[in-house]
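Work through the three exercises below with the sequence and the coordinates at hand. Each task is followed by a stepwise solution.

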Amino acid sequence: MGKALEITDSTFDELIQGEKPVLVDFWAEWCGPCKMIGPVVEQLAGEYEGKAVIGKMDVDMNSSVPAKFGIRSIPTLMIFKGGQLVDKVVGVVPKTTLEDKLNAQIEATV
């Protein structure tokens, strides 16, 4: 089963350049809602292995990428494709919402 990648400021730019959609969960250890959506992100990492890249970025350890995108509330989940931001969700949402957004980007590739 796949595991969400640990994304850092230094690995971010290269990671989002691919053709597969990349879901990035911007989170922090102290954030209660982040802990609620964390297991969902891990599940998606396993279910979308080979179809999409699923990763997490700790905003306390990495500040330049969150600042670049103006992230003020966490959890913020962003989907990138070909280096571009294509979708975004702020706060805790049902797993189906994230699946729908990922599937739309995967289908757009085919």
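**Exercise 1.** In this predicted model, classify aspartate 25 as buried or exposed, then list its contacts beyond its neighbours within four places in sequence.

Solution.
1. Locate the residue: aspartate 25 lies in strand 2.
2. Take its relative accessible area, which is 0%.
3. Buried means under 20%, so aspartate 25 is buried.
4. Leave aside the neighbours within four places in sequence; the contacts of aspartate 25 are then Ile37, Val41, Gly55, Lys56, Met57, Pro75, Thr76 and Leu77.

**Exercise 2.** Find how many disulfides the model has and determine the handedness of the one between cysteine 31 and cysteine 34.

Solution.
1. Apply the cut-off of 2.5 Å between cysteine sulfur atoms; the count is 1 disulfide.
2. Identify the pair: the sulfur atoms of cysteine 31 and cysteine 34 are 2.3 Å apart.
3. Compute the torsion about the S-S bond of this pair, which is about 80°.
4. The disulfide is therefore right-handed.
5. Check the surroundings of the pair: cysteine 31 and cysteine 34 are both buried.

**Exercise 3.** Place glutamate 19 in the secondary structure, decide whether it is buried or exposed, and give its C-alpha separation from glutamine 105.

Solution.
1. Glutamate 19 sits in the loop that runs between helix 1 (9-15) and strand 2 (22-27).
2. Its relative accessible area is 59%.
3. Exposed means over 50%, so glutamate 19 is exposed.
4. Glutamine 105 is 86 residues away from glutamate 19 along the chain, and their C-alpha atoms are 9.9 Å apart.

Conventions. Residues numbered from 1 in each chain as written. Predicted model: local features only at pLDDT ≥ 70, side-chain atom pairs only at ≥ 80, totals over all residues. Heavy atoms only, no water. Helix = DSSP H or I, 4+ residues; strand = E, 2+ residues; numbered from the N terminus. Buried < 20%, exposed > 50% of the residue type's maximum accessible area, 1.4 Å probe, protein only. Contact = heavy atoms within 4.5 Å.
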